[in-house]
Amino acid sequence: MARDSPYEDDDHENLIHQNKDKSASFRIEELQSPIRRRFSKGHYLFAAIVTVISLVATIYLFFSSKICDTTSDRIKESQLRALYLLNKQRSSLFDLWNHTFGTSNNITAVRFDQIKASLLDQITLNRHIKDTLLSTENGTVSVPIVNGSEICRKIDPKSSKRRTIEWKPDPNKFLFAICLSGQMSNHLICLEKHMFFAAVLNRVLVIPGSKFDYRYNLVLDIDHINECIGRKTVISFENFMELKKNHARIDKFICYFSIPLPCYTDEDHLKKLKSLGISMGKLKTAWKSEDIENPSPKTVKDVEGKFGTKEDVIAIGDVFFANVEKDWVLQPRGPIAHKCKILIEPSKLILLTAQRFIQTFLGSGFVALHFRRHGFLKFCNAKKPSCFYPIPQAADCIRQMVEKANTSVIYLSTDAAESETSLLQSMLVMNGKTIPLVKRPPRDSAEKWDSLLYRHGLDGDDQVEAMLDKTICAMASVFIGAPGSTFTEDILRLRKGWETASSCDEYLCHGEEPNFIAGDE
């Protein structure tokens, strides 16, 4: 297809990574050596920190009270708020003291990380106190904070300790992937689990076709999988049918799940398969009581015992909910031995488009927020506590994360209504400045960041748009996810595989690092 202009970049030209500012106004790591050296020094250091923080806040409060004798009630309200924050900070510091130093004479590396995190929270709270005390009718005096690059460090993937399996399939044996539950994120998880099954069973995996499932070739780099493993391990549905001369047969259909439906596959989808020229025998179940609502843990030996067969082509149905070697399967970079960072990754066009969007609108350091709202209220309210937060509470959590990450812009991936995102934007104000929420704009011919998708006829495709959203989020400095969302889970998979995961990544308002979860789309 012709280029938009003679100045258009080549389709496969990579962008140059921008340099990041690594300067820091405060280095918490400098505390590590004396604390670890001896417990008694840790006591004195901690006591000094408590004393200094409390003293500084008290001095601010004292002088502020002198100034406020002739000021408005708004200043007095700030003082009351500051007193409340001081009490809260004092309580937190003493709680940290009692729980950290009261039980042992040794400070482990894990405990030291907990100390750092807690102290950083108190430093942030102290900054809020200062801002409150210095607030006036004309605005707020800003106080420098800890450099975000020092707090939100990249997570070491420890890839050398991975447990892997070699995928060496018999080129004449196939596993036909079937993924039907939920939307694309669920299907990608199902597809990844199918790859593990295929590796265990020494079979080539057949990727579903667009007439039966999503158009995977639009969002995934299928050739990348084979290149990373170094042999032919996956094949498209079209190539499979060509190999079988359009008369393929699933020789054995052994269902992983039996409840609520065998293979978790309804009659309509079975008819679709037959209409595509695929014949099959009667569905059989591997386990009579395997339920998607309560999947029992299974091992590689279980898989080999139930699905090992000499038949050429087999299918096992949807395995999105399967609980097989969970710790093995959910490792960063996956359970299969390969030479790349990650096996299942976005297509090259989507990767380049994401890089161009970031270069155009966000810059190298930004927070990405997956703010799931539509259809999430009922799902979250079934949990205790609920994971669906009112806009004001969500805004407060987001402000705290932006302050910790020390960034000035947020990429917003959301299905929320404009009324909700507008209210959220109005409440994201820090030091008198608005923290911009950036969403991908509609197609504009004057903009070139998305020209690759447009020229290849991929703009406007729902699955391409969703994968582009995930890719941008996966490239962020810090990611805030929606608990229970497989969209979030897929982003985390990419971040851990690409080694972009940060110690500040967390679920919205949960204050904890996300782990892989199987839940709602």
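Here a colleague and a modeller talk through helix packing, a sheet and a few backbone details in a predicted model.

Colleague: Happy to start with the helices: at what angle do H18 and H19 pack?
Modeller: Two packed helices are described by the angle between their axes and the distance between the axes. For helix H18 (residues 462-474) and helix H19 (residues 486-498), the axes are 9 Å apart. The angle between H18 and H19 is about 45°, and that makes H18 oblique to H19.

Colleague: Thanks! How many charged residues are in the contact of H18 with H19?
Modeller: On the H18 side, the contact includes Asp-469 and Lys-470, and on the H19 side it includes Asp-490 and Arg-495. Among the other participants are Met-467 in H18 and Trp-498 in H19. By class, the contact of H18 with H19 has eight nonpolar residues and one polar, and the number of charged residues is four.

Colleague: H18 also packs with H13, so which word describes H13 and H18 relative to each other?
Modeller: The axes of helix H13 (residues 348-362) and H18 come within 9 Å. They cross at roughly 60°, which lies outside the roughly perpendicular range of 65 to 115 degrees. H13 and H18 are therefore oblique.

Colleague: And how many charged residues does the contact of H13 with H18 have?
Modeller: H13 brings residues including Ile-350, Leu-351, Phe-357 and Leu-362, while H18 offers Val-464, Met-467, Leu-468, Thr-471 and Ile-472. Ten residues of this contact are nonpolar and two are polar. As for charged residues, the contact of H13 with H18 has no such member: the count is none.

Colleague: Lovely. What is the handedness of the crossing of H18 and H19?
Modeller: For H13 and H18, the crossing is right-handed. The crossing of H18 and H19 is also right-handed.

Colleague: On to the sheet: which strands stand at the edges?
Modeller: Six strands form an open sheet with parallel pairing, in the order E3-E2-E1-E8-E5-E7. An edge strand here has a single partner strand, so one side of it is left without a neighbour in the sheet. The strands in that position are E3 (234-236) and E7 (284-285).

Colleague: Which residue of E7 stands opposite Cys-255?
Modeller: Strand E5 (residues 252-255) runs parallel to E7, and two bridges join them. E5 is joined to E8 by two bridges as well, again in parallel, and there Phe-253 stands opposite Ala-315. In E7, the residue opposite Cys-255 is Thr-285.

Colleague: Now some backbone details: is the peptide bond from Ile-259 to Pro-260 cis or trans?
Modeller: Pro-260 is found in the loop between E5 and helix H10 (267-275). Omega for the bond from Ile-259 to Pro-260 is near 10°. That peptide bond is cis.

Colleague: Is Glu-325 buried or exposed?
Modeller: Glu-325 lies in the loop between E8 and helix H12 (326-329), and has a positive phi of about 45° although it is not a glycine. Its relative accessible area is 18%, and buried means under 20%. Glu-325 is therefore buried.

Colleague: Last one: what does Asn-406 count as in accessibility?
Modeller: Asn-406 is in the loop between helix H15 (391-405) and strand E10 (410-414). Phi is positive here too, about 55°, although Asn-406 is not a glycine. The relative accessibility is 41%, so Asn-406 counts as partly exposed.

Note on methods. Residues numbered from 1 in each chain as written. Predicted model: local features only at pLDDT ≥ 70, side-chain atom pairs only at ≥ 80, totals over all residues. Heavy atoms only, no water. Axes fitted to C-alpha atoms, helices over the stretch in contact; angles between N-to-C directions. Helix = DSSP H or I, 4+ residues; strand = E, 2+ residues; numbered from the N terminus. Parallel < 35°, antiparallel > 145°, perpendicular 65-115°, else oblique. Left-handed = near helix turned anticlockwise from the far one by under 90°. Contact = heavy atoms within 4.5 Å. Nonpolar A, V, L, I, M, F, W, Y, C, P; charged D, E, K, R; others polar. Pairing = 2+ DSSP bridges. Buried < 20%, exposed > 50% of the residue type's maximum accessible area, 1.4 Å probe, protein only.
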